[in-house]
Amino acid sequence: MRALKYIVLFLLIFIIGGSIYIATLKADYNTKSTRTIKVPIEMVFNEINDYKNWNNWGPWLEMDSSIVASYPEITSGVGASYSWTGAEGNGSMKTISVIPNKEIIQQIDFGSGSTPEVYWKFNVVENGTEVTWGMRGENSFSEKLYWLFKGGIEKNMTPMYDRGLELLDQYLTNEMEKHSFNFKGIVDYGGGFYLYQTTSCKMDLFNDNMREMMANVSNFMDENTIEKYGNPFVLYHKWDEENKTVMFSACFPVNERIITTGNILTGFQEPIKTFKTEFIGDYKFSNEAWIAASKAISDVGLIATENAEPFEIYKVGPENTSNPAKWITEIYIPVN
């Protein structure tokens, strides 16, 4: 009987001592992970800002494949939310603050009584976007006890954030590589007047020169209040594979002949029969698109017009979206 009293006393002392120890443990926490992703900041921000995208890279799906997410009408921006059920428990999250391309703050509820903040921070760096994903808050007594037996909140949450950012990196990088070609067939292109600037350069300098020249023409038009009547385009005068050089003009369409001075000139494109190809994707795949277009012309029994000047129109580009997988370029090759 005396031994039983000692056991009860020992257990009581242990419980009281353990409770005091747990109560004195630090309640507040801030666990986070950071990763640099070689993707434009707008693309990273937009992916994370919409909860419906999280299934593309969420690390929790690797730990609990039974998780099922539910979405309300609003899933992005302030006021957005979603909830989930799974073998490890249920929960919900809502967005309480958004600074575009800078920061997102969310509130998460695991049903334990506390509602910590989940936060995202975005910074432009030399190689892309630095992304920080973290969670901060205060543990209740029961949460302190739970995390004590789990080895600590940082030990458990940090690896999940590391893995999530790794999966996010993989997903967005793969998205940027997507590209496709759609052959539209024979099109009678109407032509018309355009303002342009011309140069000849090595092929590996084409993109840089093209962007600079497009900006020059666009700025000239803005400064002189000249209206643009369509999307910018490049007119290829000569493509020399042997010497790796290209002569081209960077152009903007206008609705009438305009007299100019300096290095911005006015041209006129005659109506012409062409084979049209729609190329969707990063400009670095444009050579593939031209090869595919040339093959498609041959496959349908057409012949590219000798010494003609093919051209490409930029329907959607970097000024419209930071995701190169969504850029749209129309390729027109004159045919007989």
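**Entry 1: Thr-277**

Helices (H or I, at least four residues) and strands (E, at least two) are DSSP runs, numbered from the N terminus. I keep in mind throughout that this is a predicted model. With that settled, I looked up Thr-277 and found it in strand 13, which covers residues 272-280. Is Thr-277 buried or exposed? I read a relative accessible area of 0% for Thr-277, so I count it as buried, the cut-off being under 20%. Next I listed what Thr-277 touches, leaving aside neighbours within four places in sequence. My list has Phe-181, Asn-182, Phe-183, Ala-293, Thr-329, Glu-330 and Ile-331.

**Entry 2: Stepping back**

I then went over the protein as a whole and found seven helices and 15 strands. The protein has 336 residues, and buried ones make up 42% of them. I also checked the contacts with a separation of 6 or more, and 66% of them are between residues 24 or more positions apart.

**Entry 3: Aromatic pairs**

How many aromatic pairs does the structure hold? I have 30 in my notes. One of them is Phe-206 with Phe-248, an edge-to-face pair with 4.7 Å from centre to centre and 65° between the planes. This pair joins distant parts of the chain, as Phe-206 belongs to helix 6 (residues 206-223) and Phe-248 to strand 11 (residues 245-253), 42 residues apart. Both partners are hidden: Phe-206 is buried at 8% relative accessible area, and Phe-248 is buried at 0%.

I looked at Tyr-236 and Trp-239 next, and they too form an edge-to-face pair, with 5.7 Å between centres and 75° between planes. Here I had to note two labels. Tyr-236 has a relative accessible area of 7%, so it is buried, while Trp-239 is partly exposed at 41%.

I also found a cluster joined by ring pairs. Its members are Tyr-51, Trp-54, Trp-57, Trp-60, Tyr-71, Tyr-82, Trp-84, Phe-110, Trp-120, Trp-133 and Tyr-161.

**Entry 4: Charges over rings**

Which ring lies under the charged end of Arg-136? I found the ring of Tyr-119 there, with the charged end 4.3 Å from the ring centre. I wrote down a second case too: the charged end of Lys-228 sits over the ring of Phe-252, 5.4 Å from the centre of that ring.

**Entry 5: The second largest pocket**

I looked up the second largest pocket and noted a space of about 750 Å³. It is lined by 27 residues, and those closest to its centre are Tyr-236, Trp-239, Glu-241, Asn-287 and Trp-290. So I met Tyr-236 and Trp-239 again, the edge-to-face pair whose first member is buried at 7%.

Which element gives the most to this lining? I found helix 7, with six residues. Helix 7 spans 286-299, and it shares the job with helix 6, strand 10 (233-240), strand 14 (311-316) and strand 15 (328-334), each of which supplies at least two residues. By class, I sorted the lining of this pocket into 15 nonpolar, seven polar and five charged residues.

**Entry 6: One cavity**

I searched the whole structure for cavities of 30 Å³ or more and found one. The largest cavity has a volume of about 30 Å³. Its lining is Trp-54, Asn-55, Trp-60, Ile-67, Ala-69, Tyr-82 and Trp-84. Six of these residues are nonpolar, one is polar and none is charged. I recognised Trp-54, Trp-60, Tyr-82 and Trp-84 from the ring cluster of Entry 3.

**Entry 7: Helix 2 and Lys-102**

Helix 2 runs over residues 41-49 and is mostly covered, with seven of its nine residues buried. I listed the buried ones as Ile-41, Met-43, Val-44, Phe-45, Glu-47, Ile-48 and Asn-49.

From Ile-41 I moved on to Lys-102: they are 61 residues apart along the chain, and 8.9 Å separates their C-alpha atoms. Where is Lys-102? I placed it in the loop between strand 4 (91-99) and strand 5 (103-109). Not counting residues up to four places away in sequence, Lys-102 touches Trp-120, Lys-121 and Phe-122.

**Entry 8: Two positive phi values**

Thr-225 is not a glycine, yet I read a positive phi near 50° for it. It lies in the loop between helix 6 and strand 10, and it is exposed with a relative accessible area of 73%. Lys-244, also not a glycine, has a positive phi of about 55°. I found Lys-244 in the loop between strand 10 and strand 11, and at 44% relative accessible area it is partly exposed.

Conventions: Residues are numbered from 1 along each chain as its sequence is written. This is a predicted model: local features need pLDDT of at least 70, side-chain atom pairs count only at pLDDT 80 or more; totals for chains, interfaces and linings use all residues. Side-chain values use heavy atoms; hydrogens and water are left out. Rings of Phe, Tyr and Trp (its six-membered ring) pair if their centres lie within 6.5 Å; planes under 30 degrees apart count as stacked, over 60 as edge-to-face and the rest as tilted. Buried means under 20% relative accessible area, exposed over 50%, partly exposed in between (1.4 Å probe, protein chains only). A charge sits over a ring if NZ of Lys or CZ of Arg is within 6 Å of the ring centre and within 35 degrees of the ring normal. On a 1 Å grid over the protein atoms alone, a cavity is a set of points where a 1.4 Å probe fits but cannot get out, and a pocket is an open set with protein on both sides within 12 Å along at least five of seven lines; lining residues have an atom within 4 Å of a point. Grid points are joined across faces, edges and corners, and a volume is the space filled by probe spheres set on the points. Ala, Val, Leu, Ile, Met, Phe, Trp, Tyr, Cys and Pro count as nonpolar, Asp, Glu, Lys and Arg as charged, and the others, Gly among them, as polar. Contact means heavy atoms within 4.5 Å.
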